[in-house]
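Welcome! Take a moment to look over the chains shown below, and then we will walk through them together, starting with how they touch.

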Amino acid sequence: MAPDSIVDLSEADTRFLRRLEAELGASDLSKCFQCGVCTASCPVREVEASFSPRRIMKLAKMGLKKQVYASDTIWLCSMCFMCLERCPQDVRPPEVMTVLRNMAAKEGVAPANLSKLLDIIKQNGRVYSIDDFTNEERGDRGLPAIETEPGFIKRILEVKG
Amino acid sequence: MTGVFICKCGGNISGTVDCEEVRDSVKGEEDVNAVQVTEFLCSKPGLQLIQGSIKSHGLDRVVVACCSPHMHEEMFRGIVEEAGVNRHRLVHVNLREQCSWVHDRGATEKATSLVKGGIARAHTLEPLKEMVVKINRDVLVIGGGVAGITAALQLSKGGFNVSLVERRPSIGGRMAQLSKTFPTLDCSPCILSPRMAEVGNDENIRLLTGAEVASVSGGPGEYHVKVKIAPRGVDADKCLKCGRCGQVCPTEVPNEFEEGLYKRKAAYLPFPQAVPSSYVIDFEHCKRCGACVEACPVGAIDLDDQEKTVTVDAGSMIVATGFDLIGDEALRTYHPEMSSVVNALQVERLIENELTEGKVLTRRNGERVKSIAYILCAGSRDPHHGVGYCSSVCCAYSVKQAILLRKFLPFLKVYIYYTDMRMTGRGFEDFYMEAREKGIQFIHAKPGGVTPLDDGRFEVIVEDQDTGLMLRNQVDLVVLSSAMVPSAGTGELASRLGIALGEDLFVAPKHVKLDPISTLREGVFAVGVATGTKDIHDSVIDARAAASHVYNFVGDGTARLSPAKPVHEGECDLCGACTGACVRGALTMGGKGPILDPVSCNGCGACISACTKGSLRIPNNSGDTLLEEAKGLLSGTEGDVAVLGFFDDNISYTAADNAGTARLHYPTNIRIVRMPSTALLSKETILKAMGLGADGVLICEVEESHEAELAAKLVSDVSETLKGFGIEPERIHLQPMVLPIFKMLPKFVSDFTEQVKKMGKLTAEKRKLLLK
Amino acid sequence: MRYGLFLGCTIPTRQMNYEQSAREVAKVLGIEFIDGDYGCCGFPVESVDEVKAFSMAAANLKIASASGDVLVTLCSACGEMLCKAEKRLCEDAETTKGVGKVLMQANVSYAGEKPRVLHFARMLHDDYGLDNIRAKVVKPLKGLKIATHPGCHYVRPSTLYPGFDDPEFPGTLDRLVEVTGAEALDYPGKTDCCGGGILAVREDIAKAMTGKKLAKLTGKTDAMVIVCPFCGIMYDKYQRTLEEELGKEFGLPVLYYPQLLGLALGIDSSKLGFDVNSVDVQSLLEKAGV
């Protein structure tokens with residue numbers, strides 16, 4: 001039997017929607033009336049047809065969680081904030097993206113590279129580790145050595161929950 | 001013999017207020033003979049119920065507990081009067097906008113105390129008679145656009161004398177600037193110009209151009225308006241419009257009628273169909289070289305012409321001040337500063353000046369304009385950068401202009417970038433179809449901005465909602481269908497006239513559905529775009545409706561005035577404190593005491609508190625009445641803190657009603673007392689009210705008004721006394737209000753209630769102190 | 001004048017040219033930088049757990065406030081993260097509570113410290129002043145045509161930087177370039193994003209975004225000037241790769257602003273970290289006459 005290409009609105013995930021609306025970043029999501037200024041101003045959409053902030057806002061508003069998380073598009077926002085400046089209704093799409101990303105990550109859905117990056121930060125307290133070689137080069141350039149490992153970063157990232 | 005009638009309002013009240021419980025709680029109150037609960041008190045059966053009950057119980061006082069008095073108070077007054085009860089012995093308690101719609105739990109208890117307050121007030125009421133005074137039938141119309149012109153002509157035909165004040169040197173407004181009107185493509189100046197000429201010729205219409213309202217005094221039925229008239233410099237009766245002055249004038253400035261696209265001289269004719277039909281000297285830019293004086297064959301020019309001030313007396317006024325297009329700042333990303341980015345009014349002028357003359361639109365470098373992009377909703381529906389509302393007419397006029405442009409220039413590519421197409425008027429949908437049939441491209445997307453290209457064209461990039469494709473376009477001309485905003489100076493004019501603005505800064509109507517032409521000030525009406533964006537059709541309807549209102553208000557030259565005006569009884573040593581306190585000049589000192597001009601008096605009560613002998617009072621609004629009402633309102637508040645809110649009727653009470661209509665909630669602790677004006681309050685009354693049970697007092701008065709100044713003084717006075725008693729001075733608070741921010745009112749009430757809750761209830765000893 | 005200096009992660013390890021030139025410039029201008037034991041600002045973590053990210057930011061803010069100085073960041077993303085964290089912690093009780101819980105469990109005592117944070121270029125423009133910089137220029141870079149790339153987080157979201165620059169038409173970096181005597185080019189697409197934010201997720205898209213601006217500017221300018229290491233990695237480090245992948249030739253030197261300013265202040269080019277720049281700057285230095 002051919003797959004049904006129609007999305008039944010009863011698929012809308014009301015729990016997803018409620019959690020979304022409770023977040024500060026998505027507080028004005030319902031104001032979106034789909035004008036498209038966001039996507040028109042988006043540098044990512046200029047080079048990648050699958051990424052449309054307008055589309056994501058609409059799918060999120062309708063509570064269609066499956067479609068929102070499909071094909072990783074919510075991870076493609078480069079956070080340039082041009083849409084945030086221009087949106088007539090102050091929907092703040094990048095903030096909505098962050099909320100959606102946080103929700104996805106909690107369910108174990110996050111791009112592999114990002115998870116790897118997080119592990120590195122957890123290990124080193126920084127994105128790039130600083131070792132003796134680094135400090136040697138720094139010394140050659142007259143830059144102060146960076147000795148300490150920011151343990152507080154590790155401890156923060158290791159906090160449960 | 002008091003009768004109490006409680007309305008369920010079809011669930012609007014009974015949804016949260018248990019009306020039967022309220023009935024049972026109040027039926028034992030003193031002098032209450034009848035308490036009835038009914039579904040719809042304002043309906044015929046409801047009104048019959050009241051009248052029947054009056055007769056069968058011999059009632060002489062009536063309390064109705066239902067929706068806001070601002071809705072139907074007048075009607076209820078009429079009903080009880082018909083059945084033989086004095087109309088001023090009706091108390092109208094607000095159980096809906098200020099109770100059932102703003103509370104959930106505790107609504108019934110609050111409703112009970114509100115009704116008890118109403119009953120207590122009813123017991124103090126004297127039977128009063130309205131005053132019938134002669135008033136001025138003349139009308140002042142402010143604004144000479146199509147709405148003002150229509151109203152003036154309609155009134156003149158009805159036999160009224162009209163003064164029409166117009167800021168610019170000619171009437172005609174925006175409609176005179178248009179080429180054709182939608183959807184019939186009628187020629188705009190052709191249909192307007194005969195009306196303009198009529199105004200110019202009409203004996204009943206006194207036309208004042210270059211004129212603006214400077215100040216207003218008096219009251220409904222007798223307004224005195226000072227009008228400043230800028231010097232024209234040219235005798236309109238002598239001017240032949242030969243144009244010689246304009247030819248020799250050395251000064252060129254941007255032409256306002258042409259929206260800055262072309263220039264005019266400092267000696268100029270505003271436009272060919274101008275009324276008054278005469279040249280004007282632009283004294284702001286005139287170099288006083290005198291060349292025009294010499295050139296004029298009939299000696300019509302006088303460069304020493306001075307500004308004049310005249311007083312216009314009128315019983316009523318009509319505000320028809322129209323709109324401007326939003327400023328460039330909101331539209332920055334579309335580069336409005338560039339000459340090839342124009343707004344819709346400029347396109348109208350381009351059509352009239354270029355296309356109808358057989359010319360072709362050209363870009364700066366002389367090349368033909370071959371493609372045009374319309375950007376709809378530019379600045380509208382955009383609270384982030386512009387205004388939040390939809391400007392109503394842009395979809396229709398953009399379609400109109402596109403059709404016209406293609407008619408003159410068939411090779412033109414026209415793209416209309418829209419967010420939603422709103423073509424609601426009669427004939428509009430066919431018009432829209434015509435545009436599509438003519439090949440005008442509608443693209444369902446809004447650009448974030450336009451990028452100027454090196455060759456002078458513009459790049460427009462959008463994500464088309466319908467296809468999902470990103471579309472890139474390069475066009476020669478960009479048209480911004482930009483937001484309409486109230487014309488410059490509307491805010492100042494509104495405060496001079498004493499009328500309120502809405503949240504969107506257009507003039508606020510008395511009731512958006514049932515009374516959209518009346519403002520919150522009696523005798524002042526508002527029409528056209530002054531009350532919100534609309535097209536010519538709706539503006540004309542407004543104007544004709546306003547004429548009808550005026551007729552009802554001042555038609556027979558008399559008005560019935562409310563008897564809630566100060567009455568002088570007792571000693572008077574002619575000290576003059578009362579006349580000094582009156583900012584409206586309604587009180588003058590006679591030989592034996594103060595004399596009142598009831599029309600100018602607005603019942604604010606400033607004179608009452610000023611009188612050192614206590615000889616002035618407003619019937620049915622004395623301190624004693626208030627305290628009786630307070631006793632009733634404060635009953636049942638032993639469990640939690642009680643706040644008494646003294647709200648001025650016109651603005652603050654309306655704001656509270658608006659908050660109720662918007663269903664914005666706040667704590668039940670507050671009991672709002674409707675005051676004709678808070679200037680009626682005295683320190684003694686407030687202290688006694690606190691003694692009777694109020695733990696906090698919130699005064700809401702119109703921001704930056706004389707009454708607010710008095711209230712501020714009162715609050716600081718009371719605070720000092722409270723401090724002296726060892727009571728927190730923060731228990732009394734003045735909250736200035738303006739109507740556009742009514743949504744903030746619930747927050748103000750909540751915040752103050754929280755503060756009072758922290759301070760707790762006043763102790764019995766403190767209350768005794770206050771009552772002394 | 002003295003400021004705390006926040007280096008972030010990328011600059012002290014991979015883009016030392018920015019740090020080197022910034023410190024040299026500060027010396028000449030009489031600005032003292034105070035280092036601290038900072039860690040990652042939290043920017044990369046925000047996507048996955050914003051409360052943790054704000055906690056990281058808060059912990060860094062606490063360190064900065066201990067020295068009592070205003071904190072200057074070289075990296076625009078760090079600047080945005082720290083400013084955003086301060087605003088959130090001021091305005092949202094729930095975030096403040098969440099951050100408080102995390103920090104308590106991580107044994108970081110944070111009492112709500114919020115020192116002033118500003119970008120290095122903003123500090124020069126607003127605090128130090130263009131006239132004061134101009135006064136110290138000894139070798140005006142006349143004849144150089146520079147295309148500034150303000151990047152995204154330097155000016156957006158504009159609600160984080162009230163009263164500073166224009167998010168649509170940013171001009172402060174142009175003014176800073178002009179005080180060196182060079183000409184700042186006006187060009188369409190100045191506000192384009194480098195794509196660095198999604199490099200970890202979709203390298204191909206990020207590079208496509210980078211390539212757009214490089215293509216726009218080739219042949220039109222002598223160099224690009226940037227103020228963020230994300231942009232440095234994309235436009236400078238990846239330029240050669242992009243040339244190969246797209247079959248184009250860009251040859252566009254990409255300088256950090258203090259590298260350009262350093263030349264105008266008469267600092268020897270060997271001290272400005274040009275050896276770290278991937279795209280060769282030799283022809284540019286010759287044109288500048290150094």
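Two residues are in contact here when they have heavy atoms within 4.5 Å. With that in mind, look at chains C and A: their contact takes 59 residues from chain C and 50 residues from chain A.

Before going further, a word on what you are viewing. This is a predicted model, in which local features need pLDDT of at least 70, side-chain atom pairs count only at pLDDT 80 or more, and totals for chains, interfaces and linings use all residues. Residues are numbered from 1 along each chain as its sequence is written, chains are lettered from A and ligands numbered from 1 in the order in which they are written, and side-chain values use heavy atoms, with hydrogens and water left out.

**Confidence**

The model scores ipTM 0.94 and pTM 0.87. For single residues there is pLDDT, the predictor's confidence on a scale from 0 to 100. Chain C averages a pLDDT of 96, and 100% of its residues score at least 70. In chain A the mean is 92, with 98% of residues at 70 or more. Where in chain A is confidence lowest, and where is it highest? The lowest mean, 89, belongs to helix H1 (residues 14–22) of chain A, and the highest, 98, to helix H6 (residues 82–86) of chain A. Helices (H or I, at least four residues) and strands (E, at least two) are DSSP runs, numbered from the N terminus.

**Chains A and C on their own**

Chain A has ten helices and zero strands. Its C-alpha atoms fill a box of roughly 65 × 35 × 35 Å along the principal axes. The radius of gyration, taken over C-alpha atoms, can be set beside a globule rule of 2.2 Å times the number of residues to the power 0.38. For the 161 residues of chain A, a compact globule would come out near 15 Å, but chain A has 20 Å.

Chain C combines twelve helices with eight strands. Its C-alpha box is roughly 55 × 45 × 30 Å along the principal axes. Chain C has a radius of gyration of 19 Å, which agrees with a compact globule because 290 residues would give a value near 19 Å.

**Where chain C meets chain A**

Buried area is the accessible area (1.4 Å probe) that two parts lose on being put together, summed over both. Chain C and chain A bury about 4,800 Å² between them, 65% of it on carbon and sulfur atoms. On the chain C side, C:Met16, C:Ser47 and C:Val48 supply 12% of the buried area, more than any other three residues.

Polar contacts, meaning pairs of N or O atoms within 3.5 Å (within protein, one able to donate a hydrogen and the other to accept it, with residues adjacent in sequence counting only if both atoms are side-chain atoms), link 20 residue pairs between chain C and chain A, both at pLDDT 80 or more. Several helices of chain C each supply at least two residues to this side, among them helix H2 (16–29) and helix H8 (203–217). The largest share, seven residues, comes from helix H3 of chain C.

**Where chain B meets chain A**

This contact takes 20 residues from chain B and 19 residues from chain A. The two chains bury about 1,500 Å² between them, 50% of it on carbon and sulfur atoms. In chain B, B:His384, B:Glu463 and B:Met470 lose the most area to chain A, together 35% of what that side buries. Ten residue pairs are in polar contact across this interface, both at pLDDT 80 or more. Strand S25 (residues 458–463) of chain B gives the largest share of the chain B side, three residues.

**Salt bridges**

Side chains of opposite charge can pair when their charged atoms come close. A salt bridge here is a side-chain nitrogen of Lys or Arg within 4 Å of a carboxyl oxygen of Asp or Glu. The count is 77 over all chains, with five between chain C and chain A and two between chain B and chain A. Here are some that cross between chains:

| Acidic residue | Basic residue | N to O distance |
|---|---|---|
| B:Glu463 | A:Arg54 | 2.8 Å |
| C:Glu168 | A:Arg86 | 2.7 Å |
| C:Glu19 | A:Arg138 | 2.7 Å |

In the pair of C:Glu19 and A:Arg138, C:Glu19 belongs to helix H2 of chain C and A:Arg138 to helix H9 (residues 132–140) of chain A.

**Backbone details**

A cis peptide bond joins B:Phe182 and B:Pro183, with omega about -10°. The peptide bond from C:Arg156 to C:Pro157 is also cis, with omega near -5°; C:Pro157 lies in the loop between strand S5 (145–148) and helix H7 (172–178) of chain C.
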